[in-house]
Amino acid sequence: YGDVTVTRDNLRVGRENLPIASLDPDWVRMLASKASPDLLERVTTAGGVPEIAEAELRKLDSGRLVGGAYASTLGTDTVTLRLRAGGRVAVPSGDRAGLLSALLTALGG
């Protein structure tokens, strides 16, 4: 349930696929800029950290957990991703910075 694979076209979590095009790229860049100094430098070099409205950042809804599991496993974090069509999803990850780096690459950033 917790296997995560990022390709150019899809984010696969467990048995569920999300098209990369469905993810909000500004949100991914903002999360990446906070995940590690290396990703902050990468985002800054690629055009800067996008500004996200404070109200959007304060929302507590992390969305549904993707992948088919009922909860994230012990020792993993969840990364909340905003979707272009609205709403959010939570992706379990043992490597937050690695997941966000792969998503940046898939999104062309």
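Let me begin with the open sheet of three strands whose order is β1-β2-β3 and whose pairing is antiparallel, where strands are DSSP runs of E of at least two residues, helices are runs of H or I of at least four, both numbered from the N terminus, and two strands count as paired if DSSP finds at least two bridges between them. In this sheet β1 and β3 stand at the edges with a single partner strand each, so one side of each has no neighbour in the sheet. From one strand to the next the twist averages 15°, with axes being lines fitted to C-alpha atoms, for helices over the stretch in contact, and angles running from 0 to 180 degrees between N-to-C directions.

Before going further, I should say that this is a predicted model, in which local features need pLDDT of at least 70 and side-chain atom pairs count only at pLDDT 80 or more, while totals for chains, interfaces and linings use all residues. Residues are numbered from 1 along each chain as its sequence is written, and side-chain values use heavy atoms, with hydrogens and water left out.

Let me walk along the strands of this sheet. Strand β1, residues 4-6, pairs with β2 in the antiparallel sense over three bridges, and the two are joined by a hairpin through three residues; the bridge partner of V6 in β2 is L11. On the other side, β2 and strand β3, residues 16-19, run antiparallel and are joined by four bridges, with N10 opposite P19 in β3 and R12 having N17 as its bridge partner. The hairpin of β2 and β3 has two residues between the strands, and G14 in the turn has a positive phi of about 60°.

Which side chains of β2 are buried, and which are not? They alternate, in that L11 and V13 point to one face and are buried, whereas N10 and R12 point to the other face and are not; here buried means under 20% relative accessible area, exposed means over 50% and partly exposed lies in between, with a 1.4 Å probe and protein chains only.

Now to the other sheet. Three strands form an open sheet in the order β4-β6-β5, with mixed pairing. Here β4 (64-65) and β5 (77-82) stand at the edges, each with a single partner strand, so one side of each is left without a neighbour in the sheet. The pairing of β4 with strand β6, residues 88-93, is parallel over two bridges, and R64 stands opposite V89 in β6. By contrast, β5 and β6 run antiparallel and are joined by six bridges, with V79 opposite V91 in β6; their hairpin has five residues between the strands, and G86 there takes a positive phi near 100°.

How many residues of β6 are buried? Six of the six are, so β6 is largely enclosed by the rest of the structure. R88, A90 and P92 point one way from this strand, and V89, V91 and S93 point the other way.

Turning to the helices, α1, residues 25-35, lies across β5 and β6 and runs at about 145° to β5. Helix α4, residues 96-106, packs on this sheet too, touching β5 and β6, and its direction makes about 30° with that of β5.

The axes of α1 and helix α2, residues 37-45, come within 5 Å and cross at roughly 140°. That makes α1 oblique to α2, oblique being the class left over when angles under 35 degrees count as roughly parallel, over 145 as roughly antiparallel and 65 to 115 as roughly perpendicular. Where they meet, R29, A32, S33 and A35 in α1 are in contact with L39, L40 and V43 in α2, contact meaning heavy atoms within 4.5 Å.

I will finish with the interior. The largest nonpolar core, a set of buried Ala, Val, Leu, Ile, Met, Phe, Trp, Tyr and Cys residues joined through side-chain atoms within 4.5 Å, has 24 residues, and those with the most contacts inside it are L11, L23, L31, L81, V91, L100 and L103. Two or more residues each come from β2 (10-13), α1, α2, β5, β6 and α4. Leaving aside neighbours within four places in sequence, L103 is in contact with V6, L11, I20, L23, V28 and L81.
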